[in-house]
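Colleague: I am new to this structure and would be grateful for a close look at a single part of it, followed by an account of its surroundings.

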Amino acid sequence: YNLMANRVLLLLAMASRSDPNVSSKILSETAGHFLKNLKSQLPQTRILAISALNTLLKESPYKTSLEDRPLLSENSQGNSKSSLEGALSEIFQEDGFFDETFNSLSHVHIIADTESTSSRGSHGNSSFQSLADKSITRFYFDFSASWPRTPSWISLLGSDTFYSNFARIFKRLIQECGMPMIVAIKSTVEEFANAKERSKQCVAAEALAGVLHSDVDGLLGAWDSWMMIQLKSIILAPSVESIPEWAACIRYAVTGKGKHGTRVPLLRQQILNCLVTPLPPTVTTTVVAKRYAFLSAALIEISPQKMTLPEIQLHIGLLEELLNNMCHSSAHVREAIGVTLSVLCSNIRLHASFSHEYSHEGVNSDIDNYLKEERWVQFLTERASESVTNIQNNNHSDNLEVSANCSTQNGHLKGDSQDDVKWMESLFHFIISTLKSGRSSCLLDIIVGLLYPVISLQETSNKDLSTLAKAAFELLKWRIFWEPHLQKAVSIILSSADDSNWRTRSATLTYLRTFMYRHTFILPDTEKKDIWNTVEKLLTDNQVEVREHAAAVLAGLMKGGDEKLAKDFRDRAYKEANMIQRQNKRNSSFSQSVASRHGAVLALVASVLSVPYDMPSWLPEHVTLLARFSGEATPVKSTVTKAVAEFRRTHADTWNLQKDSFTEEQLEVLADTSSSSSYFA
């Protein structure tokens, strides 16, 4: 009943807000009532109070506009007061008000032992609420999703319990009441920010986010006096549990304003400058990773096309720092560097795609030159190529017996190889993050240039590196490349298929399966033919695993590929296999390499397995000819046995009808090959 009464009060206050005959005192008392309810002992009442305050607090007399910013140091007493300010100020200036309020709000933050998803902004889903309570507390305002403005794809930040509606209340209260509100909340924010309980730090993060994003007169002075110190303290704090909430706080604080989120908040540049300030050399790797996590959270909220000159210069300086630290000793830091690098590079690329004018011509020229030259792109691709070569050479040397003397001489090379591995791990984190971000289109040329490292490092002696390469590989398989990047991608794929390492050739075939599927309708005929010829060539590879893999890929290409190419391949495969079979009959001592013989059979296998359930007119002859090779030695014999068994399995349901397509002689040949002699009878 208490909950319903508060809901009715809110509805009445909203209905009367536009009525000129209703006294403003009613609205101010109602807002004051809901402000007091923030420290209510009833969780549902607190949640409804949050919705109510977000709805009622609409005036912003202390909020500075862009035109007013040069005058921020002036006295702002000329501002007209909010109609709610008097009632609200009286309440929040009571002794211990914010201590009690923060304590009460901390109980709303339910920290699960294992959090699988972000609960950002969904306090209405808290487990302590019944369905009936939710129907009352979930006000229409809660359905709006103005923050975050960009997708939340950085897994590095973890799942948080940062509620943007909570942050919005503090921001609105400050905009209604001005600096007295900031002064009153300061000590409580500092106390809860240093609390051991994560739930208390959550509330502190929300309150600080609201303060930082409020853009009121006098905010710059408050930043210099205590907020900058508080943010630095948060960055240097050794605890890791509340990193997601503080990252969300920073993300909220730098979020663009206005309908489209392109207007720069007052403190954005100050916050970014604080984050890029170098850390003391004695800090732990946890703090280093935290700083990069905070930076990535801040940078994804920046609108690239509207970046200011200081923001561009900050991007360039940070880019140099990241490129120099990609060999960091800590795996967590390398991951954070890769993620931050992906955000940074996409911002720079997206910004460069728009035309811009700067006020300082000399600086403008330097910035333009840096953006046009893109030396960082060349550095990434060239260093990646160099690192892959070193890692592969090191893997090869690990498999060879070397003398003790040689091992001593190569000690320095081993160290360099470890640096290459670390550098590549950072690069793979960059690729993974870019492909997950939805921003990969602006970095496609770099992604294409890194195709070979991803393909070639699937299997190495370093398991962590291989795991990252496989993760990047899985994401890369589904990326569509358009011209002019498509031609370069095909060239790299064809080159990888001819690599000296058979594992790289096999990984290339795996990639080709989905690559052809995704690009069937946009690949030029000449490049399709080149890919078919390359895969066909691998049917006679020296490594049996590669040969069998090539047959499976060809079967897939024939299922959904170019029918003209498929028919041409089928006819040639049948002709070559038939010629080998005839030569065997004429001359039992006919010699041919195992790879060539096995390849010819595998070509037949690809044709047969390309139609797993149908019975086209050409299939009886092909499968019968395949069965005639069952008397060959291994690996040909095992390949034939498996293929015929697969043919039998996939055609079992309709065999009574499909066997009429075979002659008696063909059925006898199949029966001799089959493990079940009665099946083809």
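Is Asp215 buried or exposed, and what is its relative accessible area? Please set the answer beside other parts of the chain.

Modeller: The model under discussion is a predicted one. In it, Asp215 is buried, because its relative accessible area is 0%. This residue lies in the loop between α9 (198-212) and α10 (219-236). Its backbone also deserves attention: although Asp215 is not a glycine, its phi is positive, at about 55 degrees. Most residues other than glycine have a negative phi, and most peptide bonds are trans.

A second residue may be set beside Asp215. Glu374, which is likewise not a glycine, has a positive phi near 50 degrees. Glu374 is placed in the loop between α16 (361-373) and α17 (375-398). With a relative accessible area of 18%, Glu374 counts as buried, because the limit for that class is under 20%.

The backbone has two further features to note, both of them at prolines. The peptide bond that leads from Glu483 to Pro484 is cis, and its omega is near 10 degrees. Pro484 belongs to the loop between α22 (463-476) and α23. The bond joining Thr634 and Pro635 is also a cis peptide bond, with omega about 10 degrees. Pro635 sits in the loop between α29 and α30 (636-650).

These loops belong to a chain with 32 helices and zero strands. Of the 681 residues in the protein chain, 52% are buried. Among contacts between residues at least 6 apart in sequence, 77% join residues at least 24 apart.

The helix that follows the loop of Pro484 is α23. Helix α23 (residues 485-496) packs with helix α24 (residues 502-519): their axes come within 9 Å and cross at roughly 150 degrees. The two helices are therefore roughly antiparallel. Their crossing is left-handed. From α23, the residues Leu486, Ala489, Val490, Ile493 and Ser496 take part, and they meet Thr504, Arg505, Thr508, Tyr511, Leu512, Phe515 and His519 of α24. Sorted by class, this contact has seven nonpolar, four polar and one charged residues. As a general point, an α-helix has 3.6 residues a turn, so residues three or four places apart point the same way.

Two other helix pairs can be described in the same terms. Helix α2 (residues 24-37) packs with helix α4 (residues 85-92) at an angle of about 25 degrees, and the axes are 8 Å apart. It follows that α2 and α4 are roughly parallel to each other. The crossing of this pair is right-handed. In α2, the residues Ser28, Ala31, Gly32, Leu35 and Lys36 meet Ala87, Leu88 and Ile91 of α4. The contact of α2 with α4 comprises five nonpolar, two polar and one charged residues.

For helix α11 (residues 243-254) and helix α13 (residues 285-299), the axes come within 8 Å and cross at roughly 35 degrees. This crossing, too, is right-handed. Here Ile243, Trp246, Ala247, Ile250, Arg251 and Val254 of α11 meet Lys290, Phe294, Ala297 and Ala298 of α13. Eight of the residues in the contact of α11 with α13 are nonpolar, none is polar and two are charged.

The loop of Pro635 begins after α29. Helix α29 (residues 619-627) is mostly covered, with eight of its nine residues buried. These buried residues are Leu619, Pro620, His622, Val623, Thr624, Leu625, Leu626 and Ala627. Ser661 lies 42 residues from Leu619 in sequence, yet their C-alpha atoms are 9.0 Å apart in space. Ser661 itself is found in the loop between α31 (655-658) and α32 (664-673). It is partly exposed, at a relative accessible area of 40%. Apart from neighbours within four places in sequence, Ser661 is in contact with Met615, Pro620 and Gln666.

Two single residues within helices complete the account. Asn165 is placed in helix α7 (residues 164-177). At 5% relative accessibility, Asn165 counts as buried. Its side chain makes a polar contact of 2.5 Å with the side chain of Arg168. Leu11, in helix α1 (residues 2-17), is partly exposed, with a relative accessible area of 42%. The C-alpha atoms of Leu11 and Ala52 are separated by 9.2 Å, while the two residues are 41 residues apart along the chain.

Key: Residues are numbered from 1 along each chain as its sequence is written. This is a predicted model: local features need pLDDT of at least 70, side-chain atom pairs count only at pLDDT 80 or more; totals for chains, interfaces and linings use all residues. Side-chain values use heavy atoms; hydrogens and water are left out. Axes are lines fitted to C-alpha atoms, for helices over the stretch in contact, and angles run from 0 to 180 degrees between N-to-C directions. Helices (H or I, at least four residues) and strands (E, at least two) are DSSP runs, numbered from the N terminus. Angles under 35 degrees count as roughly parallel, over 145 as roughly antiparallel, 65 to 115 as roughly perpendicular and the rest as oblique. A crossing is left-handed if the near helix is turned anticlockwise from the far one by less than a right angle, and right-handed if clockwise. Contact means heavy atoms within 4.5 Å. Ala, Val, Leu, Ile, Met, Phe, Trp, Tyr, Cys and Pro count as nonpolar, Asp, Glu, Lys and Arg as charged, and the others, Gly among them, as polar. Buried means under 20% relative accessible area, exposed over 50%, partly exposed in between (1.4 Å probe, protein chains only). A polar contact is a pair of N or O atoms within 3.5 Å; within protein, one must be able to donate a hydrogen and the other to accept it, and residues adjacent in sequence count only if both atoms are side-chain atoms.
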